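These entries record what I looked up in the structure, residue by residue and helix by helix.

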Amino acid sequence: MGGPCYVENDSESTSGSSSSCIGCTRRKKLGPPCTDNFQVRRFEFEGEMWYSVEQCYQAMKYTSKDDARKKMLEATPYAGESDSSYGNRVWRLGQQHDISTRKWESQKVQIMYSINCAKYAQNPDLQQELLTTGKLEITGAPSTWQWSYWNGWIQTQIREELRTDLGGSKSALGSYFLEHASLP
């Protein structure tokens, strides 16, 4: 399940020592909109156009011939609908049917990572937005299953790949996307 991630850093203790000191407190603030799987931002994945990471992720639970997947693909944002409302709506749609994709449980984190890579590879402004988090720790918002951990991990991993690739002419995400967009 989506929702925005948080960025965390150490704040200085009352003694005024450095930010890596013992006794520091953790400060958490809302991360940039790009860290939210509910964010409405068009991108292509597996030959289809999607409105959000959450919509695409929920659809991937089903085979391409499954009616549930077709319903997910047809779920477009309503006029004036917030990203959060749309994300919750497609999340609920994804819970209404039995999962038909084989080995879903063993692949779902990799699928979420690949979908996020596709979103970032096709939206360079979101890459820049993610990079504004610097080296701050990214954690997922409270969620279902273990997504609080995995959503933060995915955003952090993508940010590090972007940072590593800053000097190159070809995006690491673009390369990854081209190699892994079609999942088994």
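**Entry 1: S52 and W50**

I began with S52, which I located in the loop between β4 and α1. I was working on a predicted model throughout. Is S52 buried or exposed? Its relative accessible area is 0%, so S52 is buried. I then listed its contacts, setting aside residues up to four places away in sequence: S52 touches N37, F38, Q39, V40, R41, F43, Y86 and V90.

I turned next to W50, which I found in strand β4. W50 counts as buried because its relative accessibility is 0%. With residues up to four places away in sequence again left out, W50 touches R41, R42, F43, E44, F45, Q55, C56, A59, M60, M72 and L73. I also looked up the separation of W50 from I115: the two are 65 residues apart along the chain, and their C-alpha atoms are separated by 10.0 Å.

**Entry 2: the chain as a whole**

I noted seven helices and five strands in the chain. Read from the N terminus, the order of the elements is β-β-β-β-α-α-α-α-α-β-α-α. The chain has 184 residues, of which 45% count as buried. I also looked at how far apart in sequence the contacting residues lie. Among contacts in the chain with a separation of 6 or more, 65% are between residues 24 or more positions apart.

**Entry 3: E46**

I checked the backbone at E46, which sits in the loop between β3 (43-45) and β4 (48-50). E46 is not a glycine, yet its phi is positive, at about 50°. I recorded this because most residues other than glycine have a negative phi. E46 counts as partly exposed, since its relative accessibility is 26%.

**Entry 4: helix α2**

Which residues of α2 are buried? I found A68, R69 and M72. They cover an arc of only 100° around the axis, and therefore lie on the same side of α2. On the other side of α2 I found D67 and E74, which are exposed. I then asked what the buried residues of α2 pack against. Their partners are β4, α1 and α3. M72, one of the buried residues of α2, is also among the residues that W50 touches.

**Entry 5: helix α3 and D83**

I compared the length of helix α3 with expectation. At 1.5 Å a residue, its twelve residues (83-94) should span 16 Å, and the end C-alpha atoms are 16 Å apart, so the two agree. The buried residues of α3 are Y86, G87, R89, V90 and G94. Because they cover an arc of only 160° around the axis, they are on the same side of α3. These buried residues pack against α1 (53-59) and α2 (67-74). Two of them, Y86 and V90, also appear in the contact list of S52.

I examined D83 separately, as a residue of helix α3. D83 has a relative accessible area of 30% and is therefore partly exposed. Apart from its neighbours within four places in sequence, D83 is in contact with F38, Q39 and V40. I looked up the C-alpha to C-alpha distance from D83 to G3 as well: the two are 9.2 Å apart in space and 80 residues apart in sequence.

**Entry 6: α5 with its two partners**

I took the pair α4 and α5 before the pair α5 and α6. The axes of helix α4 (residues 104-122) and α5 come within 5 Å and cross at roughly 105°. Angles of 65 to 115 degrees count as roughly perpendicular, so α4 is roughly perpendicular to α5. Where do α4 and α5 meet? K119, Y120, A121 and Q122 in α4 meet P124, L126, Q127 and L130 in α5. By class, I recorded five nonpolar, two polar and one charged residues in this contact.

For helix α5 (residues 124-131) and helix α6 (residues 147-164), I found that the axes come within 10 Å and cross at roughly 100°. These two helices are therefore also roughly perpendicular to each other. On the α5 side the contact involves Q127, L130 and L131, and on the α6 side Q155, I158, R159, L162 and R163. The residues of this contact divide into four nonpolar, two polar and two charged. I noted that Q127 and L130 of α5 meet residues of α4 and also residues of α6.

Terms used: Residues are numbered from 1 along each chain as its sequence is written. This is a predicted model: local features need pLDDT of at least 70, side-chain atom pairs count only at pLDDT 80 or more; totals for chains, interfaces and linings use all residues. Side-chain values use heavy atoms; hydrogens and water are left out. Helices (H or I, at least four residues) and strands (E, at least two) are DSSP runs, numbered from the N terminus. The expected span of a helix is 1.5 Å times one less than its number of residues. Buried means under 20% relative accessible area, exposed over 50%, partly exposed in between (1.4 Å probe, protein chains only). The arc is that of the directions from the helix axis to the C-beta atoms. Contact means heavy atoms within 4.5 Å. Axes are lines fitted to C-alpha atoms, for helices over the stretch in contact, and angles run from 0 to 180 degrees between N-to-C directions. Angles under 35 degrees count as roughly parallel, over 145 as roughly antiparallel, 65 to 115 as roughly perpendicular and the rest as oblique. Ala, Val, Leu, Ile, Met, Phe, Trp, Tyr, Cys and Pro count as nonpolar, Asp, Glu, Lys and Arg as charged, and the others, Gly among them, as polar.
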